[in-house]
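User: I should like to learn how to read the features of a structural model. Could we go through them in turn?

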Amino acid sequence: MPGNEHQLTLPIWNQDEVSATDTDNGNPDHENSDSDVCDNEASGHIQGTLWPELTQDVALQQEDQITEHGEKMGKEGRGETSGEELDLEGLEAECLTCAKCGLRAGCTHVVFGEGNPEARVMLVGEGPGRDEDRQGRPFVGAAGQLLDKILASVGLSRDEVHITNVVKCRPPKNRMPNPDEVLACSHYLDAQINRINPAIIVCLGALATRTLVDKNARITRIRGQWHEKDGILYMPTFHPAALLRDPSKKRPVWEDMKKVKEALENL
Ligand code: SF4
């Protein structure tokens, strides 16, 4: 695909003016986690449920729980599926009244996602943070503002894309969603993808990458590499919250997003 890198200069957000001033917003940086993952099978776009926040030691301690969950998932599949007849608005209405996992009890708003319902590009993060939970919108805090700059740096805007998360309710203290929560919420993400039918999905961080691309993936190894499944191109990259913590990740994300823009122009 012909590149357009020559048209893009290093954007201001890619320099060091943004610092981790609001780590309670968006989600923590779990991208370097090398922990174990549930070896579950799931249908649709979902690759299985995950346990990526754990260190190896803790993951081993949780082995019994993970195995138990895997057996449960094998028996129950991905749980209820939304009516296939629902359009995106209907799906959102259903999601907003959902209480299928424990996250709903601890959050203020269900954050379904927003953007162009016919977007060619979807961006999928981890879960709502503090500001997202307050406003009921995805990526509106510091990480969201950075995401806006990232999009703008390659000539994209929120109006053109659809932005959502793996789980729609804020986990307490921004912890990583647990496998049961990812499982419970997975049909919403799967249905969103089916309704929007994007050409490209940008996986923002480890959880989205493991949920949608490869349940064993390590984001530090596969970010920036295209993956194609069922006619959709997936681009794993770092979560914007990770960039707030580690500005050295800004340039790789910019490079990844330039690839997305280039692919979009060549569809
Ligand atoms: S996180 Fe998902 S499955 Fe759990 S209550 Fe919220 S919308 Fe429902």
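Analyst: Let us begin with residue classes: Ala, Val, Leu, Ile, Met, Phe, Trp, Tyr, Cys and Pro count as nonpolar, Asp, Glu, Lys and Arg as charged, and the others, Gly among them, as polar. Please keep in mind that this is a predicted model. By these classes, the shell around the ligand holds ten nonpolar residues, four charged residues and no polar ones.

User: Which residues come nearest to the ligand?

Analyst: The shell has 14 residues, and those that come nearest are Cys98, Cys101, Arg104, Cys169 and Cys185.

User: Which helices supply at least two residues of that shell?

Analyst: Helix H4 (103-106) and helix H7 (179-196) each do so. The most comes from H7, which gives three residues.

User: How should I read the side chains of a strand?

Analyst: In a regular strand, side chains alternate between the two faces of the sheet. Strand E2 (residues 121-125) offers a case: Val121, Leu123 and Gly125 point one way, while Met122 and Val124 point the other way.

User: Are the residues of E2 buried or exposed?

Analyst: A residue counts as buried if 20 or more other C-beta atoms lie within 10 Å of its own. In E2, five of the five residues are buried, and the strand is thus described as mostly covered.

User: Which strands pair with E2, and in what sense?

Analyst: E2 pairs with strand E3 (residues 161-165) in the parallel sense, over five bridges. One of the partnerships joins Val121 to Val161 in E3. E2 also pairs with strand E4 (residues 200-204), again in the parallel sense, over four bridges. Here Met122 has Ile201 of E4 as its bridge partner.

User: Where does a residue other than glycine have a positive phi?

Analyst: Asp230 is one such residue, with phi near 50°. Asp230 lies in the loop between strand E5 (227-229) and strand E6 (232-237). Asn174, which is not a glycine either, has a positive phi of about 60°. The place of Asn174 is in the loop between E3 and H7.

User: Why does Asp230 count as exposed, and why is Asn174 buried?

Analyst: The answer rests on counting C-beta neighbours. A residue is exposed if 12 or fewer other C-beta atoms lie within 10 Å of its own. Asp230 counts as exposed because it has 7 C-beta neighbours inside 10 Å. Asn174 is buried because 20 other C-beta atoms lie within 10 Å.

Definitions and conventions. Residues numbered from 1 in each chain as written. Predicted model: local features only at pLDDT ≥ 70, side-chain atom pairs only at ≥ 80, totals over all residues. Near = placed C-beta within 6 Å. Pairing = 2+ DSSP bridges.
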